[in-house]
Amino acid sequence: MSADPTDGPAAWRRLCVILALSTIGSVGMWSVVVALPHVQAEFGATRSEASIPYTLLMIGYSLGSVTMGRLVDRQGAMRTVLLGTVMLATGYVAAAFSNSIIVFALVHGLLIGLLGASATFAPLVAEASLWFRRRRGIAVALAASGNYIAGAIWPPVLDTAIAAHGWRVAHLGVAVFCLMTMIPLALLLRARPPAQPVVTMTAAQQRAADRPLGMSPTTLTVVLCVAGLGCCVAMSMPQVHLVAYCGDLGYGVARGTEMLSLMLVCGVVSRVASGFIADRIGGLATLLLGSMLQAATLALYLFFDGLASLYLISALFGLSQGGIVPSYAVVVREHFPAKEAGTRVGVVLMATMWGMALGGWLSGYIFDLTGSYAMAFLNGVAWNAMNVAIIATLLIRARRSARR
């Protein structure tokens, strides 16, 4: 009989492949942010109109997370990622030939988001969780770090390419690069996850499993979705508008791109650290810690707008919020069965992406109404407060259940 591959060398090799695919495939989340000022100028759009491609991208990305999550549960990771790769490359070619902001936005929503990049995040995070038991927290955190590593790498690369060749040629280059790198990597995911152990439970344990945290599975999923929506409306404010914000302050787009990359490098550190923390104190406690720190650092943008201050706050923001999204995946795996991992992780992470989509558009809309980002930052703090209240309540229920 072959040895159990769970937590073994095969699992770690697979995690490396997942991380590489997520890093490359997540280009869709960041290219639209870097291209935003250039697209706005070429099409003569307002700031809120120029934010629509990002909003549609995140809506498509979120819906695709559920669709691709179900697909990975049924067809496996390899086929899911191959499909996503072809759609992602097709989307970038179509974006390069867009003749209006509406076409550009629809391409991002349907091809790049719904059918492309979505295959490389939530489904692969769920896939990684099935290959680990003892080190599940750190495995999930590493798998989820791909889109932040992408955020650290892709913005400066794309900024340079756009400056040298224009945003249309840069999009064509992304399409070619994705095809050449992601298809060979996807073929390494042919093996299916190891069988999950059969656990014998008492009647009381079975009742607890049937009603996680004293709720029906559907109710808990909805509550986690609402919390995820709130935290990511707040999270999106700096991530989506920091480049444009720095341009408005007179520091230039390049400085904003550097701050965004710094934020996301620090976010990678936060994600890895959150995995270690979650393996020790649990997903809910880790999620609450990250949410509280995010609220505190987001508020700093209201009081400081000097160049050095913005670099420092952006780094602190990355360190505070990077572990939030993977903590949701850990919470799902702690309270739901493995056979539902792809679908339920996809649903909850879909809500976080809806939050990013709503927050990206809402911040642009508030800017158009007020002429500044002050109220947009304040709006993010308010949404974050709602998220903290929900997670704190869930943690209290979890500890009461544990005592019983």
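This is a short talk on the overall build, one buried residue and two spaces in the structure above.

Keep in mind that the model is predicted.

Overall build comes first. The protein chain has 18 helices and zero strands. How compact is the protein chain for its 404 residues? Its radius of gyration is 20 Å, and the globule rule gives 22 Å for that length. Those two values are close, so the chain is as compact as a globular protein of 404 residues. Along the principal axes, the C-alpha atoms fill a box of roughly 65 × 45 × 30 Å.

Now burial and surface. Of the 404 residues, 56% are buried. The accessible surface comes to about 15,600 Å². Carbon and sulfur atoms account for 69% of that surface.

Next, contacts along the sequence. Take the contacts between residues at least 6 apart. Of these, 85% join residues at least 24 apart.

Let me pick out one residue, Q321. You will find Q321 in helix α15, which covers residues 307-321. Is Q321 buried or exposed? Its relative accessibility is 0%, and buried means under 20%, so Q321 counts as buried. What does Q321 touch, leaving aside residues up to four places away in sequence? The partners are Y148, M235, Q239, M263, S270 and Q294.

On to the cavity. A search of the whole structure finds one cavity of 30 Å³ or more. The largest cavity holds about 110 Å³ of space. It is lined by 14 residues, and the closest to its centre are M29, N147, R271, V325 and M356. Which helices each supply at least two lining residues? They are α4 (52-75), α9 (146-165), α12 (217-249) and α17 (341-370). By class, the lining of this cavity has 10 nonpolar residues, three polar and one charged.

Last, a pocket. The second largest pocket holds about 180 Å³ of space. This pocket also has a lining of 14 residues, with D73, L130, P193, A338 and K339 the closest to its centre. Helices α4 and α7 (122-129) each supply at least two residues of the lining. The largest share, three residues, comes from α7. What classes make up the lining of this pocket? Eight residues are nonpolar, two are polar and four are charged.

To recap the two linings by charge: the largest cavity has one charged residue, and the second largest pocket has four.

How values were computed. Residues numbered from 1 in each chain as written. Predicted model: local features only at pLDDT ≥ 70, side-chain atom pairs only at ≥ 80, totals over all residues. Heavy atoms only, no water. 1 Å grid on protein atoms, 1.4 Å probe; cavity = no way out; pocket = protein on both sides within 12 Å on 5 of 7 lines; lining within 4 Å. Points joined across faces, edges and corners; volume = space filled by probe spheres on them. Helix = DSSP H or I, 4+ residues; strand = E, 2+ residues; numbered from the N terminus. Nonpolar A, V, L, I, M, F, W, Y, C, P; charged D, E, K, R; others polar. Rg over C-alpha atoms; globule rule 2.2 N^0.38 Å. Buried < 20%, exposed > 50% of the residue type's maximum accessible area, 1.4 Å probe, protein only. Contact = heavy atoms within 4.5 Å. Areas by Shrake-Rupley, 256 points an atom, 1.4 Å probe, with all protein chains shown as cover.
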